[in-house]
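Subject: Handover of a structure

Dear colleague,

Please find the structure below, passed on to you for further work. A summary of the findings follows it.

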Amino acid sequence: MATPSSPPPSSPPDEKPQNLASELAQPTNEIQQHAREEAPKQSSPSVFVNSEPMREEQVQNAVKFLSHPKVRGSPVMYRRSFLERKGLTKEEIDEAFRRVPDPPPSTQATGTNQEAQVISTSNVQPPAQTQALQPAAAAPTGAISSAGTLMRFRFHWYHIVFAVGLLAASGAGTTVLIKNAIIPRLKSWIRKVILEEEEEEKEDPVKKANAKPSLAEEAAAAAKAAAAAAADVAKASQEMLNSKSEERRHFKEFMNLLDVQVQEMKSMSTAIRKLEGQTNNLGRTSLVDQEDYTPSVANHPKQTYVNGKAESDSRSVRSLSAPASAEPSVAPHPKSYMEIMAMVQRGERPANIRDINDQPPNPNQQISNTRLAPKSKPWEASKSLNNSSQALQSQVNGEDLNSKVQDNGVTYQFDGESAIPWWQRKNARITEIENEDELKDGHYGARTNEQPIQRTWVPPQPPPVAMPEAVEAIRRPKSSVQKEQLAEDQSVSHSTDVTDELQRITKISESGGAVEVNGGGLEPNSIEIKEVQEHSSEEN
Amino acid sequence: MPIFKTPFNGYSVKFSPFYESRLAVATAQNFGILGNGRVHVLALPPSPSLPLSELVAFDTADGVYDLAWSESHDSLLVAAVADGSVKLFDTALPPTQNPLRSLQEHTREVHSVDYNPTRRDSFITSSWDDTIKLWTLDRPASIRTFKEHAYCVYSAAWNPRHTDVFASASGDCTVRIWDVREPGSTMIIPGHDFEILSCDWNKYDDCLIATASVDKSIRVWDVRSYRAPIAVLNGHGYAVRKVKFSPHHRNLMVSCSYDMTVCMWDFMVEDALVGRYDHHTEFAVGLDMSVLVEGLLASTGWDELVYVWQHGTDPRAS
């Protein structure tokens, strides 16, 4: 039921605003400069509204942007999206649109826009647009000019400069050629003629002396004229050659453009076909379309617990170093994903898909009443520091344990008298964090964080241990178990001090917690957790 | 810690707001490219060394990208399906009587669904057709359609305190704040230079919102001064797929990423990365923190596994 005005995104439209941005040097720079401005805040009834006044500078930059001929040809949606991404508010964008004189033509097909982008990004000679300069290239220009009116504006003066340069170069070339090649030959020919005349002069000095010099002169004059004509001809032929080669180049460009267009149309038609028949595959890869798929080598074997998945697909090592650039780098996809993508893009349907009828069997089925009343959220209740008390507030009522609904007969049995299931948090580590957090309020400011450290939970402060002897006393009754722990502890004592501290601290808190609730009952669980801590600290 | 192996690739996991030990998983065949889908309703076992048990499963013709439990009804579940439909399931009824409703209005894949936690009567769906739709369970058609984004809307999230406000994250690199009482969006935050895949509100400070993007970073914004983020969290190796604020702590949040890890952050601290879990062997795509049990996390990914663990423990331990 979507409105039909949205343009069909056949290729990621993100490219287009970015391409527009790259073309327009001046307005975007200005916009970017002002995008980081802090705007004054005013109190308003709703916090979720832009309460800033309209920024005139931003509006003017936007007007400049919108008035640019290149932008005129793009769909309105992309212009809006571009301005939004630059940080303009709705009011500013609307004002800018109001100020731009001509309503932008919305019928510009996205296909031509794409072609214009393709041309602009490739550094190829501009196709000839103005026919005054290139009379020989009339036919291809006629065809190319239909491809995009924008190109004419863009390449107009470039083209003039280039053509003039080309003519000058060809003229210079021919003159050089003539100087070096033809004139020496002419000179030598003239010299030869004159020599012959001199010889004949000796025989018939009078008459031939008169005739020959004039003849020679005439000959020389004729030769000069011929030379000049030849030079002209050479020039003209050079020009012809150049224009022909240029024509060839244009033609090649044109063919490439056509090929590109054909490709795009092919892809669009396949997309449409797929849309009609099945679900759209190309669209689902919108998330990953931005990234290229690079083949990568697997050298990071991981344990899988369920089955040894043989299709441990090829992927690259996760880099743990800080990502310095914000560019979206390639997320290596599993090999089977690539295979399925390739299959689907060829038009094949994976074999494992079943025909499922997932329509409601009874569309008018009444929705039953709920069996439970909605529970209040932890953030709605008290805002006190002691949120852990809420967590420990046992919601293990009868309905949870013996779920009436679709119960597979699992009843929860706990070791000991405690009714707290294993997934409830047992110790008060979180409260320590919270105390810390409350002290640290006011640490606002953009904080960039790098270097992910692989470690598990590290409490910021050790719990207050008033009497270490008491801790020992507590430990002793479970000596059989704790000795194990201590032994393991010593084995990893080579690790950093932090982790040592961590283990001691957590052991204390663990044992402390266990003693409070139920020493024997929760012991197996607490051991597991400690072992986990050991395991994870070893991994560090 | 208990795990569950799904036959299809995992896409989303959500804890039930009514039952501590219950969660639902959305899966899609063939990585969601083309294939069927399935919704699993799982229960936590009595002991962490046992696997999760499946209570019921629903099959769909197309992949399920996201789901949301109803906040008003303990057994209702809304699924966002790749064929553009929004399906309502009653987990108390057998699969033969499901789905209760199939709402077909979106023209492209529905990528996310979120249930209003305060009003409890409505939910929003966001789709690759650039729109967000507002629905209630009792109506057969959407109440409103919000169409402003220029590209796929990957995520939409209700504000936990203001019943009529929600945010949407889109591939057009902006986050928009909406008020259902207003005709259009009320704020536009140009959050990242690349696609924004997820957004979530802070549960304890109604003006803070976190965004996760393809540029591998998570940014925390205060809507009152949205020109610059409050915090930028780097540390993921690839695009961050999902971010979620903790329901129990103001400063904590979790995120999952294409670098196959799940990370926990404290954005108020200088060294914000507080925990890192690398249990998945494929893209980690779905993530949830339990509202009823503090510190309980669940994640799923394209490696077809669902993990549930307490923060601070090893998800792969048993």
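**Nonpolar cores**

In this predicted model, the largest nonpolar core comprises 31 residues, and those with the most contacts inside it are Leu23(B), Leu44(B), Leu52(B), Val306(B) and Val308(B). Two or more residues each are given to this core by β1 (3–5), β2 (9–15), β3 (22–28), β23 (252–257), β24 (262–266), β26 (284–289), β27 (296–301) and β28 (305–310) of chain B. The largest share, five residues, is that of β28(B). Another core, of 26 residues, lies apart from it; among its members are Met341(A), Leu34(B), Trp128(B) and Val285(B). As background, nonpolar side chains tend to be buried together in soluble globular proteins.

**Annotated regions of chain B**

UniProt, in an unreviewed entry, places the feature "repeat: WD" at residues 103–145, 146–188, 189–231 and 233–266 of chain B. Over residues 233–266 of chain B, the chain is 53% strand and 0% helix, with 9 Å between the end C-alpha atoms.

**Helical regions of chain A**

For chain A, an unreviewed UniProt entry carries the annotation "transmembrane region" at residues 157–178. That span of chain A is 100% helix and 0% strand in the model, and its end C-alpha atoms are 32 Å apart.

Helix α3 of chain A (residues 56–67) has 12 residues. From its first C-alpha to its last, α3(A) reaches 16 Å, close to the 16 Å expected at 1.5 Å a residue. The buried residues in α3(A) include Gln58(A) and Asn61(A), together with Val59(A), Ala62(A), Val63(A), Phe65(A) and Leu66(A).

Yours sincerely

Conventions: Residues numbered from 1 in each chain as written. Chains lettered and ligands numbered in written order. Predicted model: local features only at pLDDT ≥ 70, side-chain atom pairs only at ≥ 80, totals over all residues. Heavy atoms only, no water. UniProt positions renumbered as here; feature names shortened; annotations may be inferred. Helix = DSSP H or I, 4+ residues; strand = E, 2+ residues; numbered from the N terminus. Core = buried A, V, L, I, M, F, W, Y, C linked by side-chain atoms within 4.5 Å. Buried < 20%, exposed > 50% of the residue type's maximum accessible area, 1.4 Å probe, protein only. Expected span 1.5 Å × (residues − 1).
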